[in-house]
Amino acid sequence: MAARRSIGIVVNGVTGRMGYRQHLVRSLLAIREQGGVPLAGGGHIWPEPILVGRDPDKLAAIAAQHGLTEWTTDLDAALARPDAEIYFDSQVTSQREKAIRQAIAAGKHVYTEKPLAESSAASIELAELAESAGVRNGVVQDKLFLPGLRKLKRLIDGGFFGQILSVRGEFGYWVFEGDWQVAQRPSWNYRLADGGGIVMDMFPHWNYVLEELFGNVRTVQATTATHITERVDERGETYTADADDAAYAIFELEGGIVAQLNSSWTVRVNRDELVEFQVDGTHGSAVAGLRGCKIQHRATTPKPVWNPDLPLTGKSFRDEWTEVPDNEEFDNGFKVQWEAFLRHVVAGETFHWDFRSGARGVRLAEAGLQSAREGKRIEL
Ligand SMILES: NC(=O)c1ccc[n+]([C@@H]2O[C@H](COP(=O)([O-])OP(=O)(O)OC[C@H]3O[C@@H](n4cnc5c(N)ncnc54)[C@H](O)[C@@H]3O)[C@@H](O)[C@H]2O)c1
């Protein structure tokens, strides 16, 4: 049998939404279920999670449920273990920087949820610290691995669009206030003091999506709002929601593409998916969601004539689009990126979703907030 290369991974924040579902269950444990991450030269990488959190009962329960034995509430002790080679962080954003500094000081490779830190200055410092310590580093950029965005990338690479002119994105859904129906997101998201706000949450995603598909962001102009100012938390207590819960932004990209992205937790969904990007180019257009992607070529573009006096008859405009086929199997995006990071650490394979790229995401969020505050367009 080919050699197994075990690697201890400190998973901090494993009791949270992302830490448990996407990173432990759907990534690290799914990798074990498939027999590890195969290595080019034979053998495979075998993740050994070491669960870290604040609540021993929750940690013990998760460990027991998944047949794991290693858990602790003591981060220092976890980082002191020689078999723990990677530190992963999916804690609330406000706790991240301190823990990552500790992990780098302990000589661990670091992989983390976004945003990398609460300010771009801190993010750049973390990048510099990781580089001078010589530890491998990465930030989750899961949206790049969504089937819909993979298909969009395929269209771009295949020259489908001709010259790309603009991108229009709608992200969001209604997050319940918590009074008569339980909120489906944690309450810290709606408090500034706890690192909340939709700009800090979503602009780091928009930065890598725009960068990787369309070009680096040159300027941002954003209007933000706190539409719902009172919410009810996990314990049933009313609190003041002071963080931005919607952001309406325009980004100018290198090369002249204009991207307009709405992000909102206060919008009701009248779309096929929770996020959709429409891309218009001289030769064709596409609408990509999480999973699907449909296209309209210049040759099949209808020629509407403005006439509000006549009702539309025949096909609706939506019916004039063609679905892009899968043509491949799409795995969970978080897992795909974990596999790439593990191969980066163990086999030295390239991985460009590093702290520097994570820091650019935080920088964009900061610029978006500054633009909203000052009412002007910010150059990056
Ligand atoms: N990649 C994505 O699509 C995506 C989606 C949602 C959230 N996130 C990011 O993941 C991180 C976690 O978000 P989540 O939605 O899982 O949050 P969550 O509230 O469900 O989980 C937070 C985790 O942090 C722990 N924690 C540590 N210190 C804490 C403190 N002082 N107060 C509260 N909790 C503390 C909690 O115990 C819990 O394990 C955030 O940084 C967020 O930006 C990423």
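Tutor: A residue counts as near a molecule or strand if one of its heavy atoms lies within 4 Å of it. This model is predicted: local features need pLDDT of at least 70 and side-chain atom pairs pLDDT 80 or more, while totals for chains, interfaces and linings use all residues. Residues are numbered from 1 along each chain as its sequence is written, and side-chain values use heavy atoms, without hydrogens or water.

Student: Which residues come nearest to the ligand?

Tutor: Around the ligand there are 23 residues. The nearest of them are Thr15, Arg17, Thr93, Arg96 and Asp142.

Student: Which side chain has a polar atom 2.9 Å from a nitrogen atom of the ligand?

Tutor: Take polar contacts as pairs of N or O atoms within 3.5 Å. Threonine 15 has a side-chain N or O atom 2.7 Å from a ligand oxygen. Arginine 54 places a polar side-chain atom 3.1 Å from a ligand oxygen. The contact to a ligand nitrogen comes from aspartate 142.

Student: How much of the ligand's accessible area does the protein cover?

Tutor: Areas follow the Shrake-Rupley method with a 1.4 Å probe. On its own, the ligand has 840 Å² of accessible area. The protein covers 83%.

Student: Which strands stand at the edges of the open sheet?

Tutor: Strands here are DSSP runs of E, at least two residues long; helices are runs of H or I, at least four. Two strands pair if DSSP finds at least two bridges between them. The sheet has 9 strands with mixed pairing, ordered β17-β16-β15-β14-β8-β13-β12-β9-β18. Each edge strand has a single partner, so one side lacks a neighbour in the sheet: these are β17 (322–323) and β18 (378–379).

Student: Which residue in β18 stands opposite threonine 219?

Tutor: Strand β9 (residues 217–225) runs antiparallel to β18, and 2 bridges join them. Opposite threonine 219 is glutamate 379.

Student: What angle does helix α9 make with β9?

Tutor: Helix α9 (residues 355–374) packs on the sheet. It touches β9, β12 (246–253) and β18, where contact means heavy atoms within 4.5 Å. Axes are fitted to C-alpha atoms, with angles from 0 to 180 degrees between N-to-C directions. The angle is about 55°.

Student: Are α4 and α5 roughly parallel or roughly antiparallel?

Tutor: The axes of α4 (residues 96–105) and α5 (residues 120–133) come within 10 Å and cross at roughly 10°. Angles under 35 degrees count as roughly parallel, over 145 as roughly antiparallel, 65 to 115 as roughly perpendicular and the rest as oblique. The two helices are therefore roughly parallel.

Student: Which loop holds the proline of the cis peptide bond, proline 115?

Tutor: The bond from lysine 114 to proline 115 is cis, with omega near -15°. Proline 115 sits in the loop between β6 (109–112) and α5.

Technical notes
Polar contact = N/O pair within 3.5 Å; in protein donor to acceptor, adjacent residues only side chain to side chain.
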